[in-house]
Amino acid sequence: MIKLETKLKSELEQKLKNKGYSYSLNPDGYYIISPLNRINLPIIAQVVESIPINQTVHGSQNGHEPDAIGFFRFKLAIDPQPDMVIFVFQHLRNGSSVYMIIPAEILRKRLMKNKIMSMSEEYFELRLWLMDDKLYDTSNFGLEAEWFYLSDRKGGRMIEPPIWNYTSFLNNWILDSL
């Protein structure tokens, strides 16, 4: 069952209203979301909130300064299987909420391809960094991978492989496109 912090819950619900969606919560705590201006089948969204981060553990080992860090430990729902998964975490500089909104099936494929699991193999553990308006999965990055994929002399950022780049899902509020 989803239990969002009250502040994040009200922010998410206000964001849905502002974007033209109606919503309700089902008994399992998943959001049932429908556009107000069209007749569409509602979508089921699983919302996952970042656990508190520790900059030493979840932050850069190479001196990078992410604008936001999200660390998520979660089960991907099976019954009911969501259409979308909404990850919520906090911007480190201005305190605003950052959202990654991704179709559940795409997320499942990426997690499996990147072999992202926790030690218990029951939960997924996903670490996201927002840097220069780009969103990256840095879950399996150590010191060398961070240097190789996120650094170059010109301040460039990762381009390949695209499986680690989640920028297209950053604040993607087009929920009725399934």
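Where does asparagine 171 lie? Asparagine 171 is in the segment after helix 4, and that helix covers 143–150. I'll come back to that residue at the end. One thing to say up front, everyone: this is a predicted model.

Okay, the overview. We have one protein chain with four helices and eight strands. If you walk along the sequence, the pattern goes α-β-β-β-α-β-β-β-α-β-β-α. The chain has 178 residues, and 46% of them count as buried. For those of you who like contact maps: take the contacts with a separation of 6 or more, and 57% of them come from residues 24 or more positions apart. On the surface side, the accessible area of the chain is about 10,000 Å², and carbon and sulfur atoms hold 52% of that.

Let's go to the front end of the chain, to strands 1, 2 and 3. Strand 1 is residues 21–25, and five bridges tie it to strand 2, with the two running antiparallel. To pick out one pair, serine 24 has isoleucine 32 in strand 2 as its bridge partner. Those two strands make a hairpin with five residues between them, and in that hairpin glycine 29 takes a positive phi near 90 degrees.

Asparagine 26 belongs to the loop between strand 1 and strand 2 as well. So is asparagine 26 buried or exposed? It's buried, because its relative accessible area is 16% and the cut-off for buried is under 20%. Leaving out residues up to four places away in sequence, asparagine 26 touches Ile32 and Pro80. And Ile32, remember, is the partner of serine 24.

Strand 2 also has a neighbour in strand 3, residues 43–49, and those two pair in the antiparallel sense over three bridges. Strand 2 is mostly covered, with four of its five residues buried.

The residue I'd click on here is isoleucine 33. It lies in strand 2, which spans residues 31–35. With a relative accessible area of 2%, isoleucine 33 counts as buried. What does isoleucine 33 touch, not counting residues up to four places away in sequence? The list is Leu16, Tyr21, Ser22, Tyr23, Pro42, Ile43, Ala45, Ile86 and Leu175. Ile43 on that list is also the bridge partner of isoleucine 33 in strand 3. Ala45 is there too, and between isoleucine 33 and alanine 45 you have 12 residues in sequence but 7.3 Å in space, C-alpha to C-alpha.

Next stop, the sheet built from strands 4, 7 and 8. It's an open sheet of three strands, ordered 4-7-8, with antiparallel pairing. Strand 4 (68–74) and strand 8 (134–137) are the edges, each pairing on one side only. On average, neighbouring strands of this sheet are turned by 20 degrees against each other, direction ignored. As a quick reminder, strands of a sheet pair through backbone hydrogen bonds.

How many bridges join strand 4 to strand 7? Seven, with strand 7 running over residues 124–131. Within that pairing, phenylalanine 72 stands opposite leucine 126.

Phenylalanine 72 takes us to the aromatics. Ring pairs link Phe72, Phe74, Phe87, Phe89 and Phe124 into a cluster. The structure as a whole holds seven aromatic pairs. There's also a charge over a ring: the charged end of arginine 110 sits over tyrosine 166, 4.5 Å from the ring centre.

Last bit, backbone angles, for anyone checking torsions. Two residues to look at here are aspartate 133 and asparagine 171. Aspartate 133 is in the loop between strand 7 and strand 8. Its phi is near 60 degrees, which is a positive value in a residue other than glycine. Aspartate 133 is exposed, since its relative accessible area is 61% and exposed means over 50%.

And that brings me back to asparagine 171. Its phi is near 50 degrees, again a positive value in a residue other than glycine. What about its cover, though: how exposed is asparagine 171? It's partly exposed, with a relative accessible area of 38%. That's my tour, so let's open it up for discussion.

Conventions: Residues are numbered from 1 along each chain as its sequence is written. This is a predicted model: local features need pLDDT of at least 70, side-chain atom pairs count only at pLDDT 80 or more; totals for chains, interfaces and linings use all residues. Side-chain values use heavy atoms; hydrogens and water are left out. Rings of Phe, Tyr and Trp (its six-membered ring) pair if their centres lie within 6.5 Å; planes under 30 degrees apart count as stacked, over 60 as edge-to-face and the rest as tilted. A charge sits over a ring if NZ of Lys or CZ of Arg is within 6 Å of the ring centre and within 35 degrees of the ring normal. Two strands pair if DSSP finds at least two bridges between them. Axes are lines fitted to C-alpha atoms, for helices over the stretch in contact, and angles run from 0 to 180 degrees between N-to-C directions. Buried means under 20% relative accessible area, exposed over 50%, partly exposed in between (1.4 Å probe, protein chains only). Contact means heavy atoms within 4.5 Å. Accessible areas come from the Shrake-Rupley method with a 1.4 Å probe; for residues, only the protein chains shown count as cover.
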